[in-house]
Amino acid sequence: TPDSNQKRLRQQAASSDPDERRAVAANPKAPAALLRELAADDDPAVRKAVAANPNAPPDVLWDLAEDYPSEVADNPGLRLAVAADPALPKNMPRPALVTILNEKDCPVPFVVSALRGGDWVCREKALRHPKAPLDALRQVASQEENFTLVRAVLANPDAPPAIINVILDRLENGEWSGRHVHATEVICGRPEVTENVLRRLEELA
């Protein structure tokens, strides 16, 4: 019965055997209240299992994000939570947001939220993220004055040559005086660089 199953889970969660507690922490049917308790377990493997559990509440995931960022970013329950509460990314604690923005599996709503309402550190991480919307990259490339954020666009591996050329146009027009060296370093570190972009970099040097 459901009651007996829950009782068994509670007994396992209170076990002195970390393998037993880990099994509960990884069980998607474990109740949120039990996962909240296990999130403070002494065993890091137990806490890691909670971070990956789709039934873990968002606030528990925020607390675990710094130690287990990839598990939190890839947690399917986090995507369901955002679907149920679109304001969730906006209300996420900054340290947790900064941490999961470093993960390639960071859900798109969190990247978008950082772009719209984050401080410049969060915005920079979001602009570097492969899931950053192209419209956001274009806007920064054409309008942003803060070169740190523009450089983040240059570093984004999915920014197309057209966006890179917009930034080069602005450099050629004298914006961000002396920054062409930094731009060249970032662009040359991209996975692919077109011949046209390389030629323009040489002319800027």
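Helices are DSSP runs of H or I with at least four residues, numbered from the N terminus. In this predicted model, V186 is placed in helix α14. V186 has a relative accessible area of 18% and is therefore buried, since buried means under 20% relative accessible area. Apart from neighbours within four places in sequence, the contacts of V186 are R151, L154 and A155. Between V186 and L204, which stand 18 residues apart along the chain, the C-alpha separation is 14 Å.

The loop that precedes this helix, between α13 (161-172) and α14 (180-188), contains W176. The phi angle of W176 is near 55°, a positive value in a residue other than glycine. The relative accessibility of W176 is 12%, so W176 counts as buried.

Helix α4 (residues 44-52) was examined together with helix α2 (residues 18-25); the two axes come within 8 Å and cross at roughly 10°. The crossing angle therefore makes α2 roughly parallel to α4, because angles under 35 degrees fall in that class. On the α2 side the contact is formed by P18, R21, R22 and A25, and on the α4 side by A45, V46, A49 and V50. By residue type, the contact of α2 with α4 comprises 6 nonpolar and 2 charged residues, with no polar ones.

Within α4, the buried residues are V46, R47, A49, V50 and A51. The elements that cover these buried residues include α2, α3 (32-38), α5 and α6. At the N-terminal end of α4, D43 acts as a cap, with a side-chain oxygen 2.7 Å from the backbone nitrogen of A45.

Helix α6 (residues 69-73) holds E71. With a relative accessible area of 18%, E71 is buried. Beyond its neighbours within four places in sequence, E71 is in contact with K48, A51 and A52. One of these residues, A51, is also listed among the buried residues of α4.

The loop between α5 and α6 is the place of D67. The relative accessible area of D67 is 54%, and D67 is therefore exposed, the cut-off for exposed being over 50%. D67 and A32 lie 35 residues apart along the chain, and their C-alpha atoms are separated by 20 Å.

In helix α9 (residues 108-117), the buried residues are F110, V111, V112, S113, A114 and L115. These buried residues of α9 pack against α5 (58-64), α7 (76-84), α8 (94-100), α10 (120-128) and α11 (134-143). Helix α5 thus appears in the packing of α9 and also in the covering of α4.

The cysteines were considered next. A search of the whole structure finds 0 disulfides. For C106, the closest cysteine sulfur is that of C122, at 10 Å, which is too far for a bond, because a disulfide requires cysteine sulfur atoms within 2.5 Å. C106 has a relative accessibility of 0% and so counts as buried. C188, by contrast, has a relative accessibility of 45% and counts as partly exposed.

Terms used. Residues numbered from 1 in each chain as written. Predicted model: local features only at pLDDT ≥ 70, side-chain atom pairs only at ≥ 80, totals over all residues. Heavy atoms only, no water. Axes fitted to C-alpha atoms, helices over the stretch in contact; angles between N-to-C directions. Helix = DSSP H or I, 4+ residues; strand = E, 2+ residues; numbered from the N terminus. Parallel < 35°, antiparallel > 145°, perpendicular 65-115°, else oblique. Contact = heavy atoms within 4.5 Å. Nonpolar A, V, L, I, M, F, W, Y, C, P; charged D, E, K, R; others polar. Buried < 20%, exposed > 50% of the residue type's maximum accessible area, 1.4 Å probe, protein only. Polar contact = N/O pair within 3.5 Å; in protein donor to acceptor, adjacent residues only side chain to side chain.
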